[in-house]
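Here are my notes from going through this one, in numbered points. Have the structure open as you read.

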Amino acid sequence: MLLICLPFPGFAQSLDPLHTIESKVFQGMIDYTSHKPHWAREFDEVGYSEGVFICRKYIHTPNLYQNDTISYRRSFKTYLYSTEGKRLSSQPYDDIGAFTEGLAPVVIKKPLHDGNFVGIHGKGRTGFINTKGEVVIPLIYTWISNFHEGVAFVGDSLERYGFFIDRHNRVVFKEKFSPFITTQFHNGICLVVDRNHQPNYLTHQGELLMPRVFDFIEDVAYSRPLRVVAKSGKYGLLGANAQLQLPLTYDLIDTTRKNQWRGWYQTRWNQGYGYLDAETGVEIMKPVFEDLRPASFSSLWAKKNRNGDCFKHVNR
């Protein structure tokens, strides 16, 4: 029985008054609301994205109900400004999203019968502007997503399915997909849901990868450069441009949380077990052990002798 111990990693934290916002209002931007430039003090919210400022001013709209009561709904008018305080947008928008790849979604909302508004994923008019404030893609869509790897997923009010467009507002693929679950391109592929409500992965060439190319593709966060794939019982790692970085050689790369250790995936090959760093593709432990079990974050029980002792819980 072997007990493998590794030092616990240290952590460093940088404290900065400007931080990335994850709220629905300022998602993907840097919040400057409490550190406004002098020229932006008239605005209630100020965000920064790709070299420009997105400035919002609250609008309180009264609604009169049949029982003669009045309520106020807060919306806002949003403008695009340069770092010098020059207004770049030719008109106010009801909202401007974060910039990605030089383009940001904008919306002009349509009022409902009760005076309320439907937002960027409702019956508004949405499109894209560039960092100069110019409308690059007209406001003709019902809902849109940000650009990633040159394409964006959009939809209109004519049907329930969406499609991908490029920066010139040209439809990229003939196939249309459900807006539910469909995500954005990452390392050359994108999770989509077809008209039969089946999840799949789409390449920039318009090819659906399952089941012709792979039987299994791991769904990973955008920060992950690699993802586990499998075909005919063999596992490997898919990298950039939907190309295999690690060939399909393992009998298993276990993506379940149960057998993960320090964020590494347990592997199996020829009845042996090891560990793999799925973020870098580096083999941490070769699959030569009869059994492996995490004892703690910094220690691991490894059994290499078939006649070895049973696993026991011991102090480090």
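1. Let's start with Y265, keeping in mind that this is a predicted model. Y265 sits in strand β20, which covers residues 265-269. Is Y265 buried or exposed? Its relative accessible area is 6%, so Y265 counts as buried, the cut-off for that being under 20%.

2. What does Y265 touch, once residues up to four places away in sequence are set aside? The list runs E218, R224, V228, I253, D254, T255, Q260, G274, Y275, L276 and A278. D254 is worth a click: D254 and Y265 are eleven residues apart along the chain, and their C-alpha atoms are separated by 5.8 Å.

3. R224 is another one to pull up from that list of residues touching Y265. The side chains of Y265 and R224 make a polar contact, at 3.4 Å. If you're checking the pair in your viewer, this is a side chain to side chain contact.

4. Now a bit further back, to R262. This residue is in the loop between β19 (252-254) and β20, the strand where Y265 has its place. Phi of R262 is near 60 degrees, which is positive, and R262 isn't a glycine. Most residues other than glycine have a negative phi. As for cover, R262 counts as partly exposed because its relative accessibility is 21%, and buried would need under 20%.

5. A242 is one to look at for its backbone as well: phi is near 55 degrees, again a positive value in a residue other than glycine. Where is A242? You'll find A242 in the loop between β17 (234-238) and β18 (244-250).

6. Next, a peptide bond to look at. The bond from M210 to P211 is cis, with omega near 5 degrees. Most peptide bonds are trans. P211 lies in the loop between β14 (199-203) and β15 (216-217).

7. Stepping back to the whole chain: how many helices and strands does the protein have? Zero helices and 24 strands. Of the 316 residues, 42% count as buried, and Y265 is one of the buried ones.

8. Last, some totals for the protein. Taking contacts between residues at least 6 apart in sequence, 33% join residues at least 24 apart. The exposed area comes to about 18000 Å², with carbon and sulfur atoms supplying 51% of it.

Key. Residues are numbered from 1 along each chain as its sequence is written. This is a predicted model: local features need pLDDT of at least 70, side-chain atom pairs count only at pLDDT 80 or more; totals for chains, interfaces and linings use all residues. Side-chain values use heavy atoms; hydrogens and water are left out. Helices (H or I, at least four residues) and strands (E, at least two) are DSSP runs, numbered from the N terminus. Buried means under 20% relative accessible area, exposed over 50%, partly exposed in between (1.4 Å probe, protein chains only). Contact means heavy atoms within 4.5 Å. Accessible areas come from the Shrake-Rupley method with a 1.4 Å probe; for residues, only the protein chains shown count as cover. A polar contact is a pair of N or O atoms within 3.5 Å; within protein, one must be able to donate a hydrogen and the other to accept it, and residues adjacent in sequence count only if both atoms are side-chain atoms.
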